[in-house]
Amino acid sequence: MFPKKRQRTTAACRSSSTLATISSLSDVTLTEISHNPRPSSPMPDDRPSPAAEDALHYNDAATADVVLRLFIDASSPLYSATADSVSNSDLHVYLHSDVLRRSKYFSALLSDRWIGHVHSPEHSSSSNRDLFRLNLGVAPAAGSIQLHLIVLELLYTNDFAAAVDSASTALDLLPVALELLFEECVRWCVDFLEAVPWTEEEEKRVVRLIPFLSEKESKELVARVWPSGEDSCEAMLQGLISSAMNSYGNTAFVKAFVGKILRDLSSRETAKRVLEKAFRKSLKTVKESLEDYSSPVFRGDQNETEAIQRLNLHKASTNGKHLLWLVERMIELRVADVAVREWSEQAGFTADLQRAFGDDAWRNIVPGLPAVILRCTCRLANAVSAGTILASRQVRRKLVQDWLPVLLVCKDNVSPSNKSLHLELEQTFLRIISTLPMSDAQELLQRCLSFSTRNVEDCPHLVTAFNTWFRRAARPLKPYSLFDQ
């Protein structure tokens with residue numbers, strides 16, 4: 001059930017807007033008005049005294065001066081009559097004009113200015129009192145008449161705390177309160193919704209109702225469901241990634257959770273921008289740490305220098321693990337094209353790595369650093385060779401050309417426990433080489449001879465790579481006939 005958007009005016013302009021307000025309420029008609037002389041009605045914002053309110057009771061036929069007929073609007077395209085709906089679709093409620101005036105809608109409907117435009121007086125035959133007889137058609141939604149009855153009773157009881165006990169109830173009553181311009185009920189429902197959690201379905205209903213509220217009423221609800229800026233999502237993701245990498249002792253669980261958020265994110269472009277920014281930042285930190293380690297500026301005594309060197313290695317190792325996690329997320333989301341390109345442009349970084357891994361100082365400080373760096377290379381190279389990332393010829397060539405020497409240094413100086421990683425990267429580099437022009441492949445294959453083993457049968461990947469090159473080399477030169485047709 002959706003409220004008709006009625007004119008909601010301030011107290012200063014209520015009197016002048018009464019007719020405009022009534023003219024917009026096409027679902028309610030004044031069918032019978034007793035026109036005996038009566039004192040002037042109070043202004044719409046006048047309230048009966050507490051004593052008068054206490055003396056009046058909801059649906060009290062003995063004292064009522066208004067009879068309101070509630071009925072299902074059969075003209076609605078949603079109307080579908082059933083036995084139950086027919087029996088409950090036409091109700092008469094006995095009400096009091098002094099109480100109804102708490103609703104700006106009824107206050108306007110019962111004002112002298114409106115009554116003066118209606119000339120159909122009838123006298124009630126059931127009593128000596130004059131009765132206003134009003135009709136109010138309601139939408140054929142489930143429970144719509146009952147919701148109107150609850151709001152009408154709230155005009156008498158003012159017991160909003162008892163009536164509004166859940167977000168669902170507030171969402172049911174708010175459209176009726178808006179329809180009848182019952183401002184106190186509207187405020188209570190809005191305040192309640194602002195203060196409690198919602199289900200996803202309830203949030204959808206809140207979003208649909210916000211346009212019917214004033215800017216002041218909807219301010220807190222709007223702040224809750226709409227971002228404050230265009231980059232809110234990116235800022236949130238950047239904070240999550242930074243926290244996952246830097247702010248928690250047990251980063252594995254936190255990284256797994258943030259990874260799920262990235263996978264479930266509706267905007268792949270947003271995830272790509274955030275991950276690329278974090279990738280560049282972590283890569284910069286690793287490069288600077290290795291550069292400081294490989295080319296130290298000696299100041300102070302030897303102990304101080306060694307402490308700084310250890311710090312540089314630990315910093316490189318920690319950020320290298322973050323870098324590996326970022327690379328894996330980027331490949332998983334298929335947004336690693338920029339990462340591959342930048343990884344292939346690291347001639348200075350790979351030179352620092354070769355110098356660092358060429359000595360033994362790092363072994364007792366960060367023994368896992370070479371494996372972390374090689375895993376980053378292996379993940380990106382595998383994505384390229386599998387076609388997950390479409391890299392240009394230049395990127396593919398540079399990726400192998402710059403990172404092959406690092407692999408060779410690690411094979412010579414790193415523990416055999418990483419043999420499987422080395423073999424995987426060898427196979428991946430050879431597959432990438434097979435995608436390059438023969439001139440590039442010829443140059444790079446000659447640098448791969450160290451992949452060979454004591455037993456030639458133990459390096460089939462190297463044998464296959466050279467067999468492929470020589471098979472291609474055996475073809476006739478430049479088959480121009482293929483292009484002359």
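**Reading helix packing and nonpolar cores**

Colleague: The crossing of H20 and H21 is left-handed in this predicted model. How should one read such a pair further, and at roughly what angle do the axes of H20 and H21 cross?

Modeller: In general, two packed helices are described by the angle between their axes and by the distance between those axes. Here the axes of helix H20, residues 393-413, and helix H21, residues 419-433, come within 10 Å and cross at roughly 155°. Because angles over 145 degrees count as roughly antiparallel, H20 is roughly antiparallel to H21.

Colleague: Which residues of H20 and H21 meet?

Modeller: From H20 come Arg396, Leu399, Val400, Trp403, Leu404, Leu407, Cys410 and Lys411, and these meet His422, Leu425, Glu426, Phe429, Ile432 and Ile433 in H21. Sorted by class, the residues of this contact between H20 and H21 comprise ten nonpolar, one polar and three charged.

Colleague: For another pair, at what angle do H16 and H19 pack, and how far apart are their axes?

Modeller: Helix H16, residues 302-332, packs with H19 at an angle of about 20°, their axes lying 9 Å apart. Since angles under 35 degrees count as roughly parallel, H16 is roughly parallel to H19. The crossing in which H16 passes H19 is left-handed. On the H16 side the contact includes Leu313, Gly320, Leu324 and Ile331, while the H19 side includes Leu369, Val372, Arg375 and Leu380. By class, the contact of H16 with H19 has eleven nonpolar, two polar and four charged residues.

Colleague: Turning to the interior, which residues touch the most other members of the largest nonpolar core?

Modeller: The general idea is that, in soluble globular proteins, nonpolar side chains tend to be buried together. In this structure the largest nonpolar core has 74 residues, of which Ile241, Trp343, Phe349 and Trp403 touch the most other members. Helix H19, residues 369-385, gives the most to this core, with ten residues. Trp403 is also one of the H20 residues that meet H21.

Colleague: Which residues does Ile241 contact, leaving aside its neighbours within four places in sequence?

Modeller: With those neighbours left aside, Ile241 is in contact with Val258, Val274, Leu275, Ala278, Trp325 and Leu326. Apart from the largest core lies another, of 53 residues, among them Ile72, Leu155, Tyr156 and Phe182.

Colleague: For the protein as a whole, how many helices and strands are there, and what percentage of the residues count as buried?

Modeller: The protein has 24 helices and four strands, and 44% of its 485 residues count as buried. Among contacts with a separation of 6 or more, 78% are accounted for by residues 24 or more positions apart.

Technical notes: Residues are numbered from 1 along each chain as its sequence is written. This is a predicted model: local features need pLDDT of at least 70, side-chain atom pairs count only at pLDDT 80 or more; totals for chains, interfaces and linings use all residues. Side-chain values use heavy atoms; hydrogens and water are left out. Axes are lines fitted to C-alpha atoms, for helices over the stretch in contact, and angles run from 0 to 180 degrees between N-to-C directions. Helices (H or I, at least four residues) and strands (E, at least two) are DSSP runs, numbered from the N terminus. Angles under 35 degrees count as roughly parallel, over 145 as roughly antiparallel, 65 to 115 as roughly perpendicular and the rest as oblique. A crossing is left-handed if the near helix is turned anticlockwise from the far one by less than a right angle, and right-handed if clockwise. Contact means heavy atoms within 4.5 Å. Ala, Val, Leu, Ile, Met, Phe, Trp, Tyr, Cys and Pro count as nonpolar, Asp, Glu, Lys and Arg as charged, and the others, Gly among them, as polar. A nonpolar core is a set of buried Ala, Val, Leu, Ile, Met, Phe, Trp, Tyr and Cys residues joined through side-chain atoms within 4.5 Å. Buried means under 20% relative accessible area, exposed over 50%, partly exposed in between (1.4 Å probe, protein chains only).
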